Amino acid sequence: MKRITALFLLYSFAMGFALTGTAVAAGQPLIVGFAQTGAESAWRTANTKSMKDEAAKRGITLKFSDGQGKQENQLSAVKNFIAQHVDAIVIAPVVETGWGPVLKEARDAKIPVIISDRTVKVDDDSLYACFVGSDFKTEGKLVADWLVKQTGGKGRILELQGTPGSAPANDRHSAFANAIATTGLKIIDSQSGDFRRDNGKQVMEAFLKKYKKGDFDIVYAHNDDMALGAIQAIEDAGLKPGKDVLVVSIDGLKEAVQAIVDGKINCVVECNPLAGPVVYDAVQKVVAGQPVPRISYNKDELFDATNAKAAVSTRQY
Ligand code: GYE
């Protein structure tokens with residue numbers, strides 16, 4: 001009897017391999033390579049933690065690479081994953097362009113790629129299985145619409161942009177700019193703070209040398225870290241963020257929602273970094289040959305003085 005069971009198990013195991021050619025179908029742990037952007041912000045820290053924690057929970061072996069904000073590092077990480085014959089590759093691409101060749105290499109090696117967090121621009125969308133993340137254009141538009149409503153469509157804006165060439169910086173700028181185009185709201189200056197808190201502070205300090213109180217009305221930061229850095233600079237200059245200057249940003253860090261409660265930030269649009277569950281759901285389906293939507297967007301909320309107090313205690317990041 002025992003021998004029959006053992007033989008049967010051996011048979012199913014072998015069939016698993018035969019049917020799909022991977023260890024996955026034979027019940028082996030899935031091996032996933034994740035080419036992360038870097039560690040530039042609190043959002044990113046939460047994203048990395050979610051990806052690692054959820055992999056551990058699901059018994060997925062995660063090969064993690066920190067790209068340190070450089071595409072070349074991410075490209076070599078992906079090439080490495082291909083050489084190691086991982087079951088699937090997840091990329092959170094630092095910039096939008098330049099991914100075609102490496103995606104072709106992955107396709108030739110029959111390794112599916114899931115694009116997570118930031119979108120890519122490629123000629124052939126079938127080079128990756130799907131995209132899972134937030135809709136940055138909607139985020140930028142939500143911030144703009146909120147400002148139009150609050151200001152009656154008037155005000156001079158200083159913009160703190162994210163990493164040049166990244167999807168969130170491109171989309172949060174263009175959708176915001178489009179949404180205010182026919183109003184009296186104007187972007188009077190724009191600089192990149194690379195999604196980093198320190199850089200946000202430095203860029204704001206430079207702005208405050210150029211523009212005095214009364215020369216500008218609004219600071220729009222592409223993420224909360226830069227907004228929190230900017231607030232520091234605004235306070236150091238003797239101004240009151242949230243009062244003398246409206247401050248609006250994107251991400252929804254607990255710290256930023258608390259800053260709304262404290263009256264220093266006026267509006268924050270959420271961008272959910274807790275991607276682990278949705279990303280691995282997609283990975284597992286793709287590897288099993290099941291269909292997945294090409295694009296899955298998170299549902300992101302907006303926080304301002306009307307709801308921040310109720311929301312702050314439930315923020316997970
Ligand atoms: O908004 C920012 C991070 O790609 C959506 O990257 C992400 C952005 C996020 O550094 O805080």
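Student: How many residue pairs are in polar contact between domain 1 and domain 2?

Tutor: Four residue pairs are in polar contact between domain 1 and domain 2, both residues being at pLDDT 80 or more. A polar contact is a pair of N or O atoms within 3.5 Å; within protein, one must be able to donate a hydrogen and the other to accept it, and residues adjacent in sequence count only if both atoms are side-chain atoms. The model is predicted: local features need pLDDT of at least 70, side-chain atom pairs count only at pLDDT 80 or more, and totals for chains, interfaces and linings use all residues. Residues are numbered from 1 along each chain as its sequence is written, and side-chain values use heavy atoms, with hydrogens and water left out.

Student: What makes up the side of domain 1 that touches domain 2, by class?

Tutor: That side of domain 1 has five nonpolar, two polar and four charged residues. Between the two domains the count of salt bridges (a side-chain nitrogen of Lys or Arg within 4 Å of a carboxyl oxygen of Asp or Glu) is zero.

Student: What area is buried between domain 1 and domain 2?

Tutor: About 1000 Å² is buried between domain 1 and domain 2, and carbon and sulfur atoms give 55% of this area. Buried area is the accessible area (1.4 Å probe) that two parts lose on being put together, summed over both. Of the area that domain 1 buries against domain 2, Glu40, Trp43 and Arg118 supply 44%, more than any other three residues.

Student: Why is the approach of arginine 118 to the ligand called a polar contact?

Tutor: An N or O atom in the side chain of arginine 118 is 2.7 Å from an oxygen atom of the ligand, which is within 3.5 Å, and therefore the pair qualifies. Aspartate 251 places a polar side-chain atom 2.6 Å from a ligand oxygen. The protein covers 100% of the 300 Å² of accessible area (Shrake-Rupley method, 1.4 Å probe) that the ligand has on its own.

Definitions and conventions:
Nonpolar A, V, L, I, M, F, W, Y, C, P; charged D, E, K, R; others polar.
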